[in-house]
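Let's take a walk through this structure, one stop at a time. Keep the picture open as you read, and look up each residue as it comes along.

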Amino acid sequence: DVQLQASGGGMVHAGGSLRLSCAGSGFTFDDHTIGWLRQAPGKDLELISCIRNEDGATSYRDSVKGRFTISSDVSKSTAYLQMNGLKPEDAAVYYCAADSSPNVCPSDINAVTRYGMDHWGKGTLVTVSS
């Protein structure tokens, strides 16, 4: 049974930090690319960060670059998203997803509009107050 569970969401004041976790099971974690996505109310789903477990290559959407850091611990089949300097516009449900074909982050993460990852988690809610 394939499982991807995002956790660590909560409410934080603007400027605060949160660390999200994505625990995977039931698939080969180290040959997958892991993405963090979010969807705010009334807005489109967007891929905000990506890590290729095979070599550790990462990518960030412009809106979070410099504030968010993605990482992965293959031995634990867990990926993380450290979010610093949170802004009200970061409030959303955050999801993690895994893909093996292609096993690579998008060449232009800012232009991605379709997300065909193999596996998805349920998501965790992040709320940022003003």
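Before the first stop, here is what a contact is: two residues touch when they have heavy atoms within 4.5 Å. Also keep in mind that what you're looking at is a predicted model.

Let's begin with Q82. You'll find Q82 in strand β8, which covers residues 78–83. If you set aside the neighbours within four places in sequence, Q82 is in contact with S17, L18, R19, R67, F68 and T69. Is Q82 buried or exposed? Neither label fits, because its relative accessible area is 26% and partly exposed is the range between 20% and 50%. For a sense of distance, take L45: Q82 and L45 are 37 residues apart in sequence, and their C-alpha atoms are 19 Å apart in space.

One of those contacts of Q82, R19, has something else going on. R19 lies over the face of Y80, 4.1 Å from the ring centre.

Now step back along the chain to S77, which sits in the loop between β7 (68–73) and β8. S77 isn't a glycine, yet it has a positive phi of about 50°. With a relative accessibility of 19%, S77 counts as buried, since the cut-off for buried is under 20%.

S77 also turns up when you look at G24. Which residues does G24 touch, leaving aside neighbours within four places in sequence? They are Q3, L4 and S77. G24 itself lies in strand β3, residues 18–25, and is buried, with a relative accessible area of 14%. Here's a pair to look up: G24 and W120 are 96 residues apart along the chain, but 9.7 Å separates their C-alpha atoms.

Next, some rings. How many aromatic pairs does a search of the whole structure find? It finds one. The rings of F27 and F29 have their centres 6.0 Å apart and their planes at 40°, so this pair is tilted. Both partners are tucked away: F27 counts as buried at 15% relative accessibility, and F29 is buried as well, with a relative accessible area of 3%.

On to D90, in the loop between β8 and β9. D90 counts as buried, because its relative accessibility is 0%. Beyond its neighbours within four places in sequence, D90 is in contact with R38, R67, F68, G85, V126 and V128. Two of these names, R67 and F68, you've already met as contacts of Q82. D90 and L125 are 35 residues apart in sequence, with 11 Å between their C-alpha atoms.

Last comes the largest pocket, with a volume of about 190 Å³. Of the 15 residues lining it, the closest to its centre are D99, P102, V104, P106 and M117. Two elements, β4 (33–39) and β5 (46–52), give two or more residues to the lining. Which of the elements gives the most to the lining? That's β4, with three residues. What sort of residues make up the lining? They divide into 10 nonpolar, three polar and two charged.

Finally, take another look at P102, one of the residues closest to the pocket's centre. P102 is found in the loop between β9 (92–99) and β10 (119–120). The peptide bond that joins S101 and P102 is cis, with omega at about 5°.

How values were computed
Residues numbered from 1 in each chain as written. Predicted model: local features only at pLDDT ≥ 70, side-chain atom pairs only at ≥ 80, totals over all residues. Heavy atoms only, no water. Phe/Tyr/Trp six-rings, centres within 6.5 Å; stacked < 30°, edge-to-face > 60°. Buried < 20%, exposed > 50% of the residue type's maximum accessible area, 1.4 Å probe, protein only. Lys NZ or Arg CZ within 6 Å of the ring centre and 35° of its normal. 1 Å grid on protein atoms, 1.4 Å probe; cavity = no way out; pocket = protein on both sides within 12 Å on 5 of 7 lines; lining within 4 Å. Points joined across faces, edges and corners; volume = space filled by probe spheres on them. Helix = DSSP H or I, 4+ residues; strand = E, 2+ residues; numbered from the N terminus. Nonpolar A, V, L, I, M, F, W, Y, C, P; charged D, E, K, R; others polar.
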